[in-house]
Amino acid sequence: MIPSVLKTILFFASCYYYLHNHLPSSPPHFNFTDDLFDPLYFSVTVSSTVGFGDLGPQTRLSKCVVMLQMCTTVFNVFNCIKGILSPREEQGGGKGKKGKGKSQ
């Protein structure tokens with residue numbers, strides 16, 4: 001569960017870095033500086049659903065990528081909750097139901 005959240009944060013941070021530094025646009029996609037910290041910081045705040053407002057998307061493309069991260073984060077949270085709350089099925093052990101009507 002935790003690795004999927006970390007992978008999501010790092011994936012979107014790299015997307016934000018790429019958009020900001022390698023796809024020029026006017027206005028810029030984000031109001032970041034050119035280092036790696038701002039995209040990572042922004043990705044963590046979006047994933048935590050806090051969204052401080054100090055950094056943000058400026059173009060339609062960057063807003064779409066941020067919305068995709070929001071949806072992915074909500075999906076990950078629901079999957080984590082589902083994994084915690086759902087009972088685990090026992091595997092093996094020989095106590096399972098055997099099929100009726102064996103053909104010989």
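Ile 84 lies in helix H3, helices being DSSP runs of H or I with at least four residues, numbered from the N terminus. Because its relative accessibility is 61%, Ile 84 counts as exposed; the cut-offs applied are under 20% relative accessible area for buried, over 50% for exposed and partly exposed in between, with a 1.4 Å probe and protein chains only. The structure is a predicted model, in which local features need pLDDT of at least 70, side-chain atom pairs count only at pLDDT 80 or more, and totals for chains, interfaces and linings use all residues. Residues are numbered from 1 along each chain as its sequence is written, and side-chain values use heavy atoms, with hydrogens and water left out.

Together with Val 74, Val 77, Phe 78, Ile 81 and Leu 85, Ile 84 forms a nonpolar patch on the surface, with a joint accessible area of about 610 Å². Such a patch consists of residues with over 30% relative accessible area and no salt bridge, the nonpolar side chains (Val, Leu, Ile, Met, Phe, Trp, Tyr) being joined within 5 Å. A salt bridge requires a side-chain nitrogen of Lys or Arg within 4 Å of a carboxyl oxygen of Asp or Glu, and accessible areas come from the Shrake-Rupley method with a 1.4 Å probe.

In the interior, the largest nonpolar core comprises 10 residues: Phe 12, Tyr 16, Leu 19, Phe 30, Phe 32, Phe 42, Val 46, Leu 55, Val 65 and Val 66. A core of this kind is a set of buried Ala, Val, Leu, Ile, Met, Phe, Trp, Tyr and Cys residues joined through side-chain atoms within 4.5 Å. At least two core residues are supplied by each of H1, H2 and helix H3 (60–85), and the largest share, three residues, comes from H1.

Nine aromatic pairs are found in a search of the whole structure, a pair being rings of Phe, Tyr and Trp (its six-membered ring) with centres within 6.5 Å, stacked if the planes are under 30 degrees apart, edge-to-face if over 60 and tilted otherwise. In the edge-to-face pair of Tyr 16 and Phe 42, the centres are 5.2 Å apart and the planes make an angle of 70 degrees. This pair links distant parts of the chain, with Tyr 16 in helix H1 (residues 2–22) and Phe 42 in helix H2 (residues 37–47), 26 residues apart. Both Tyr 16 and Phe 42 are buried.

Contacts (heavy atoms within 4.5 Å) were also examined. Beyond its neighbours within four places in sequence, Phe 12 is in contact with Ser 43, Val 65, Leu 68, Gln 69 and Thr 72.

Note on methods:
Patches are made of residues with over 30% relative accessible area and no salt bridge: like charges are joined within 9 Å, nonpolar side chains (Val, Leu, Ile, Met, Phe, Trp, Tyr) within 5 Å.
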